[in-house]
Each structure stands twice: as structure tokens, then as C-alpha cells.
Amino acid sequence: MRVTLRAVAAFGAVALLAAACGSPSSSSPSSSNSGAAASGKFLGCMVTDTGGIDDKSFNQSSWQGMQAAAATDPGKIKVTYLPSTTSADYASNISTFIGRKCGIIVTVGFLMADATEAAAKANPKQKFAIVDCSYASECLSGAKETNIDQLVFDTVEDGFLGGYLAAAMSKSHVVATYGGENFGTVTIYEDGFWDGVQYYNTQKHASVKVLGWNEQTQKGDFIGNFTNVGAGQTLTNTFIGEGADVIFPVAGGVGLGSAKAVQTADTSGKSVSMEWVDTDGCVSAAQYCKYMLTSVTKGITEAVKTAVLAAANGSFHGGTYVGTLANGGAVLSPYHDFSSTVPASLQAEINTLKQQIESGKIKPATKSPV
């Protein structure tokens, strides 16, 4: 069976927790708040979205990429960030960094598209990189500025693997997914998950049901934000009450509410598990690792590191990086505590599906434009 591809992209997922606030910040010895450019060093600068630097998602992963770049040559490369408390901070934070003569300014999240594009147009010699946003996805919509490195991730691919795994591991034959908000960077995950379940049903002559999202109608359940943990717990309890025994929240910090609901269900004798999103949940939310089958992630850290190093080494050229299964930019995390629970035969099936997606034999569908 070939799953129809309508087109790939509007990559990544939006995942936000409570906003960080304060003055220009650093959190490691490899960071610097100012002065690096003036002293002959390379200064890499990052503007967070409103989720804050410790959001357990794309802000935190991006900052780790900045730090990883600095660690390759701490004598030369220094990194710093400015937190955005509200969207009104985007342009002013970028402007502050332009004034500091940053070697590259990394902006995190598609909501920063307008501010990033305006600054890039007004400052054509300034190098930028933006996470989860590209001209191809129409997140950036003006004339293509060549000084923007666009970092996007085809998470429909590993989402497909996550859906297949969830369907195979479900005992109730009901699984569920939901989003923080109805954005393309959220629904691309859900599209992949839904398609993976349908593929499992076709291959195994099964009838696993997906609650919370339908790829064909593009309708489903959304919390309305990425911070209301209680709402995530309530919705997950509803799904569990309707029989779902694998939950996939694409909702940033709201997913912690799902984890709490799964934990509560487990203590009451119900067998329920979940999958995390964006980062490896066994690292970013380790207290819930025992309930996580896997995580559907994207390689933000490595992509940001590469962009910063390119700017520092004089090889920056703008354009679009697309993270996929094939290049390691879209990754299904290890099974961790479930490594002995997921049957070896199923693990082999997942590996085969990965190879078939990489080769193009299977093409998960998504409504999002390239």
C-alpha cells in the first residue's frame, strides 16, 4: 500500500510552556551577553518565543543547539539569548541583537516570521536562522531573503511511525491524539500519526480507532493554548474514558497533563501509555518516562548548531534545511522503559517502515504545502 502524499511541510510543532522573562540571559559558561563581536569573537544570538528557554520543547532544544555550537570552539564562539515575554518583544529583541553585531540571530518559531523577515530585509548583511518556518511552507511570505536560514522538519514521517506503533501496542484498539492549537506545525504530527494508524489497519486487517483527529476532514480536538496542563489532563481523561489506551498530545506543556492522567490511570489499574512530542520525553519529562512508548521528535538542536557553525566558519548561505528520517532531522526516540515490552517483531516492522519512508515507497500524507 502507498499512502497518498498531497504535499509535505509547514514543519515542526508548536510547543509552549509558561513565558520566560527578564534581561539578556545565559545559562552556561559558554554563553556571553555582550561584547563578543567587539573582542574579535563570534557572537551567536537567539530570540526565544514566549514559551521560554526551559519549555522542554523547541526553545530549549534551540538553545541547546546554540550551546553545542559554542562548545565546539569556546575560545571563538560565544552565545546568548533574549527571552520574549509576549509577541511584542520579537522585533525589539531582534533589534537589540542587530545593535550588538551578532554573527547570526536565531529566532525560534513560526510566530516570529514577520519580525524576522522584516529585520532580514532591512539588514541584508545580517545573518538569520529561523526554526519551524520557511518560504516553502508560506510561513515566510515576502520576497525570499537570502540571509535567512530556514530550519524545518518533516515530522509527518516519524509521526507515521508513532501512529503505527500506537496502533500495534493498543489493547483496546482505540488511540488518541490532540493539539495545543490548530496550527500546521501541530497538525503535521497528527496527520502522520493518523496515517500510521490507518496503514496498520490496512496491513493487519485491524480496526484501531483514532480519537481527537481525522486527517481526511482536518478536524479534531485542540486545547486552545500550550500551557493549560489541567485542560490536557481533563481531555486525556475523556479519551481514556472512551477506551483510548495510547495518547499522543501535540501540545507542549499541556502534554504534562496527559502524562498525569496516564499516571493516574495506571495507579488505578488501567493499562495506558503515551507518546511525547518534539523532544525525547524520557529526557525532558523524565518523571513520566515509564509511561512513554516513544517520542516523535525533530532534530532542532543539531540543525541550530549547524546553522551557527556555518555562520561562524563563513559557509552560511541561507536557504532551507528540511529535517527528515533519512537525514536524522525527524526521529522516533528509543523505547526506553518499553524496550523489552515492544515485541522484537514490531521493532523490526518499525525499522522496515522507516526504510520504506526514506526510500519513498511509503509517503505519509499531509495537507501542508511544501
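Analyst: Angles under 35 degrees count as roughly parallel, over 145 as roughly antiparallel, 65 to 115 as roughly perpendicular and the rest as oblique. This is a predicted model, in which local features need pLDDT of at least 70 and side-chain atom pairs pLDDT 80 or more, while totals for chains, interfaces and linings use all residues. Numbering starts from 1 along each chain as its sequence is written, and side-chain values use heavy atoms, with hydrogens and water left out.

User: What is the mean pLDDT of the protein chain?

Analyst: pLDDT is the predictor's confidence in each residue, from 0 to 100. Here 88% of the residues reach 70 or more, and the chain's mean is 89.

User: How many contacts does the stretch 1-35 have beyond near neighbours in sequence?

Analyst: Confidence falls off here, with pLDDT below 50 over residues 1-35. Counting contacts as heavy atoms within 4.5 Å, the model gives this stretch, beyond near neighbours in sequence, 146.

User: Which strands stand at the edges of the sheet with mixed pairing?

Analyst: Helices (H or I, at least four residues) and strands (E, at least two) are DSSP runs, numbered from the N terminus, and two strands pair if DSSP finds at least two bridges between them. This open six-stranded sheet runs in the order S7-S6-S10-S11-S12-S14. Each edge strand has a single partner, so one side of each lacks a neighbour; they are S7 (209-211) and S14 (330-332).

User: Which residue in S14 is the bridge partner of valine 296?

Analyst: Strand S12 (residues 292-298) runs antiparallel to S14, and three bridges join them. Valine 296 pairs there with leucine 332.

User: At about what angle to S6 does helix H5 run?

Analyst: Axes are lines fitted to C-alpha atoms, for helices over the stretch in contact, and angles run from 0 to 180 degrees between N-to-C directions. Helix H5 (residues 184-204) lies across S6, S7, S10, S11 and S12, and its angle to S6 is about 165°.

User: How are H4 and H5 oriented to each other?

Analyst: The axes of H4 (residues 155-169) and H5 come within 6 Å, crossing at roughly 45°. The two helices are therefore oblique.

User: Which hand does the H4 and H5 crossing have?

Analyst: A crossing is left-handed if the near helix is turned anticlockwise from the far one by less than a right angle, and right-handed if clockwise. H4 passes H5 in a crossing that is right-handed.

User: How many nonpolar residues does the contact of H4 with H5 have?

Analyst: On the H4 side the contacts include Phe160 and Tyr164, and on the H5 side Ile188 and Phe193. Ala, Val, Leu, Ile, Met, Phe, Trp, Tyr, Cys and Pro count as nonpolar, Asp, Glu, Lys and Arg as charged, and the others, Gly among them, as polar. By that split the contact has six polar and three charged residues, and the nonpolar number is 12.

User: How much does the sheet with parallel pairing twist from one strand to the next?

Analyst: This open sheet of six strands has the order S2-S1-S3-S4-S5-S13. S2 (77-82) and S13 (319-323) each have a single partner strand, so one side of each is left without a neighbour. From strand to strand the twist averages 20°.

User: Which residue in S3 stands opposite cysteine 45?

Analyst: Four bridges join S1 (residues 42-47) to S3 (residues 104-108), and the two run parallel. Facing cysteine 45 is isoleucine 105.

User: Within what distance do the axes of H2 and H3 come?

Analyst: H2 (residues 89-99) and H3 (residues 113-122) are the helices here. Their axes cross at roughly 35° and come within 9 Å.
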